[in-house]
Every structure is written in C-alpha cells, then in structure tokens.
Amino acid sequence: MFFHIVLERNMQLHPRHFGRDLRDKLVSKLMKDVEGTCSGRHGFVVAITGIESVGKGLIRDGTGFVTFPVKYLCVVFRPFKGEILEAVVTMVNKMGFFAEAGPVQIFVSNHLIPDDMEFQSGDVPNYTTSDGSVKIQKDSEVRLKIIGTRVDATEIFCIGTIKDDFLGVISDPGSTS
Amino acid sequence: MQFSNARPHFRLEFRLIRCSQKEMAEKGGKGFSLPKGSLKGKDDNSAKSKQGRKVQIDFEDVSDPLEPNSPKTNGKVNTPISKGDSGKGGKASKAASGGKNSVTKAPSPEFKIEEELPKNVKCLMDCEAAEILQGIQDRMVVISADPSIKIPISFDSGLTYAKRGGTFSNPQSVRKILEPLIKYGVSEGEMCMVANLKVESDDEVFALVPSLKSEEGKLRDPLKTALNELAKIQSSV
C-alpha cells in the first residue's frame, strides 16, 4: 500500500556547494540518496514530493562539511501482513510462483495454492485447474493476501496466499483488460 | 500377520537405538541433539527413554510425536523405521497421497497497520498515488535534462502498479464516498484497500477484511451504498 509520510534525514554537504544554489543542491542530493531506497520501517521510498523544512547547518569539526537536518514529504510503498493486493505473475515453477506488486516481490508457495490447481510444466509453466478453466502463468494478474514479510538491506520480500475466498486469478495475459 | 510379527522385532531394535542415544547424550555427544535440562520436544523423548526400559511404553511414547504423521502415511505404518526419516519420507508420502490438504492452515493474519506506522502517516489509495506520481513524472521530463538525476526503478514500477487496470479519474470523490465508513469502525487503511481492490459486493469486503465482521450489522448498509456509488464512478470513466 502507498503512504504519504514525513521523514527526516541529516544531509551532509561539501563546502564547494555553498552559494545561492545551496538549497537546490541539498534537495537534489536528497533525491539521489533517498529515492529508490528501502527500509524495513517505511518500505520503498518511491518519490519525494516536497521539502517541509531545512534546519540550520552544523559545521563538522575537522572536515568542513555541514550537516543539515531536512524534513521531507515522500510517497512510500510498504506491504503489510494481512494486506490484499493485486500482483502480476513473473515466474512459475513447481514450488509455486513469484509475483510483483510495484517494487515488491511476492512468493506464493504451492501449499498456498488451491488444491484443485496442479503444476503443468512445459514451454509455459503454469498452474491449472482440473477442468482447465483457470490458469496461472507468467503475466497473469492475481489477487493475493500477504501472510509474511522479510526485509533485506535493499528490498522487502513477501510470502502470499491465494487459498482464501475471493483470491486468485483476475485476468489472463491473453485477455484484454 | 506379517505386520504383527514384525512389531516386536521393531521394538527391540528401536530400544537399542534409544539406549545408544541416551548413552551418547550422557557422554555429551551432540549428534542426537538431546540437551539436558529442558523438558521440551526431543528432551521429552530423552526423559521418556529413561522410562523406556519397558518396551510398550517406549514404543507408544515414541509413537506419540510421530502420530500426527501416521494417519497421513496411512498404510505405511509398517515401515516405522523409515519414519525416522519422517522429515523427508513424511513429506514424500504426503505428496504421494496427494496431500496438500495435510498442511495445517495457519490463521490468516489481520490487516492492522495503525500499530506499526507513526501517526503522521496518510494512507493513499492507488488512484491518489497514481495522480501524485504522474505529476512528478511530468515534471521529471523537464528535470531529466540533468544527466546526474536518474529516475529510480522503484518509481517506474510504483507508477505502473498504481495505474494498473484503470484508476478512478477523481480520487477526491472516491475518498468522499468511502470516508463516511470510518465512523462505522473502518480504518483508513481498510478503506484504501477496499478502493484499491474494486470490490463488487459487501460479502466480498467482509471476506477479504475479516476485521470488519465485528461491525457487520451496522456496516453492511452504508457499505452497500458506498460500493454502489463507486461502481457508478467506475462505469463513468
């Protein structure tokens, strides 16, 4: 899910950037340092939408660098346990399938796929019902529920299930939405 | 008949193994992971093995931890020694018996985000996020002339995700429609999730968000009204 949040960060700036463009340099450095990063608490920082305040700079002893406390508004994306979301399947194998929802990867184990769906290997590996009416393959859209999350240094990885009511395939890659 | 003849033989062999395990535990051997002092799990077995001089008790006690597996192995009880590898054999037999249903269903986690996020956070619906990110992308076309500024991958994937499947053209009206549900106990996160999923019926909402079931009585009618209005907006896009 997306959130709009105020975060704070201490930005260090080299004296060569001081001048009338100080604030612009500070903002572009903030964007380079923060956008695209991921933390366990806030999730992926998708985009910075604005600067709320820039505090007074503090000169660091010995180096000449100046540290500015910056409060900024940003859009973050963070998955939660119990969240239902729609994802696009990226890979299918006999252990289950991988899907992506925005910047987040989700794995659905074959134990959390309905029992009436069996894995079919071949050129296009997929999970199919016995009557062939429902198929999960690459680029299928599925609605799933997140049951667990794991945070690495740079990404969040989730475990999902489609074994509950109103979960499963939304659309096939061949169909036009 | 063969089975009943085999059982005493099995018991004797098993007892020998248990004795050797106990000896090794006493000698401080780590191979069988029987730590002293605690009375959980495997240590129960070691404690029980002290009682295990009586063959019958030993077998039954040992069978207890394996019992959850034995119904699933159905017909394979006559190979209990192979159950010693039950970590693998059990799973294989589950697969052989087509037993995906043998996995115990863990309780489904509830969607509670208020506890984990600071209070100054605003939940965004996907349509709201798409509007914000699209505006940033339009500005980036100008800013991207600067080669030092690179658009992160998470921005592109986030924008694509937010815009998927068509969005509500007016996010403010969507929020106006759903906000009255808050006074019936719907949290902001749950409200945004309902908007994102484009649910079609109130039954679907209660199935997907079990935490709302406690308020089902007073929530059902306002929820139906809100979903009808959302459907009108969606169809007019």
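1. The lining of the second largest pocket is a mix: 12 nonpolar, 7 polar and 7 charged residues. Here Ala, Val, Leu, Ile, Met, Phe, Trp, Tyr, Cys and Pro count as nonpolar, Asp, Glu, Lys and Arg as charged, and the others, Gly among them, as polar. The pocket has a volume of about 520 Å³. Of its 26 lining residues, those closest to the centre are A:Glu86, A:Arg143, B:Leu197, B:Lys198 and B:Glu200.

2. A word on the model and its labels. This is a predicted model, in which local features need pLDDT of at least 70, side-chain atom pairs count only at pLDDT 80 or more, and totals for chains, interfaces and linings use all residues; side-chain values use heavy atoms, with hydrogens and water left out. Residues are numbered from 1 along each chain as its sequence is written, while chains are lettered from A and ligands numbered from 1 in the order in which they are written.

3. How is a pocket found? Rolling a probe the size of a water molecule over the atoms shows where empty space is left. On a 1 Å grid over the protein atoms alone, a pocket is an open set of points where a 1.4 Å probe fits, with protein on both sides within 12 Å along at least five of seven lines. Lining residues have an atom within 4 Å of a point. Grid points are joined across faces, edges and corners, and the volume is the space filled by probe spheres set on the points.

4. Which elements build the lining of the second largest pocket? Strand E12 (141-151) and strand E14 (168-171) of chain A each supply at least two residues, and so do helix H10 (188-197) and helix H12 (216-236) of chain B. The largest share, 5 residues, comes from H12(B). Helices (H or I, at least four residues) and strands (E, at least two) are DSSP runs, numbered from the N terminus.

5. Look next at H10(B). Is it enclosed or open? In H10(B), 9 of the 10 residues are buried, so the helix is largely enclosed by the rest of the structure. Buried means under 20% relative accessible area, exposed over 50%, and partly exposed in between (1.4 Å probe, protein chains only). Among the buried residues of H10(B) are B:Glu190, B:Asn196 and B:Leu197.

6. B:Lys198 comes just after H10(B). It lies in the loop between H10 and helix H11 (202-208) of chain B. Its phi is positive, about 55°, although it is not a glycine. At 30% relative accessibility, B:Lys198 counts as partly exposed. The C-alpha atoms of B:Lys198 and B:Leu227 are separated by 8.7 Å, and the two residues are 29 apart along the chain.

7. Chain A has its own positive phi, at A:Phe166, near 65°. This residue is found in the loop between strand E13 (156-161) and E14 of chain A. A:Phe166 is partly exposed, with a relative accessible area of 41%.

8. H8(B), residues 153-163, has two sides. Its buried residues are B:Ser154, B:Phe155, B:Gly158, B:Leu159, B:Tyr161 and B:Ala162. Seen down the axis of H8(B), they fall within an arc of 165°, so they line one face of the helix. The arc is that of the directions from the helix axis to the C-beta atoms. On the other side of H8(B), B:Ile153 and B:Thr160 are exposed. An α-helix has 3.6 residues a turn, so residues three or four places apart point the same way.

9. Chain B as a whole has 12 helices and 1 strand. Of its 237 residues, 34% count as buried. Contact means heavy atoms within 4.5 Å. Among the contacts in chain B with a separation of 6 or more, 60% join residues 24 or more positions apart.

10. Finally, A:Asn93 sits in strand E6 (residues 84-93) of chain A. At 22% relative accessibility, A:Asn93 counts as partly exposed. Leaving aside neighbours within four places in sequence, A:Asn93 is in contact with A:Phe98, A:Phe119 and A:Tyr127. The C-alpha atoms of A:Asn93 and A:Val45 are separated by 31 Å, and the two residues are 48 apart along the chain.
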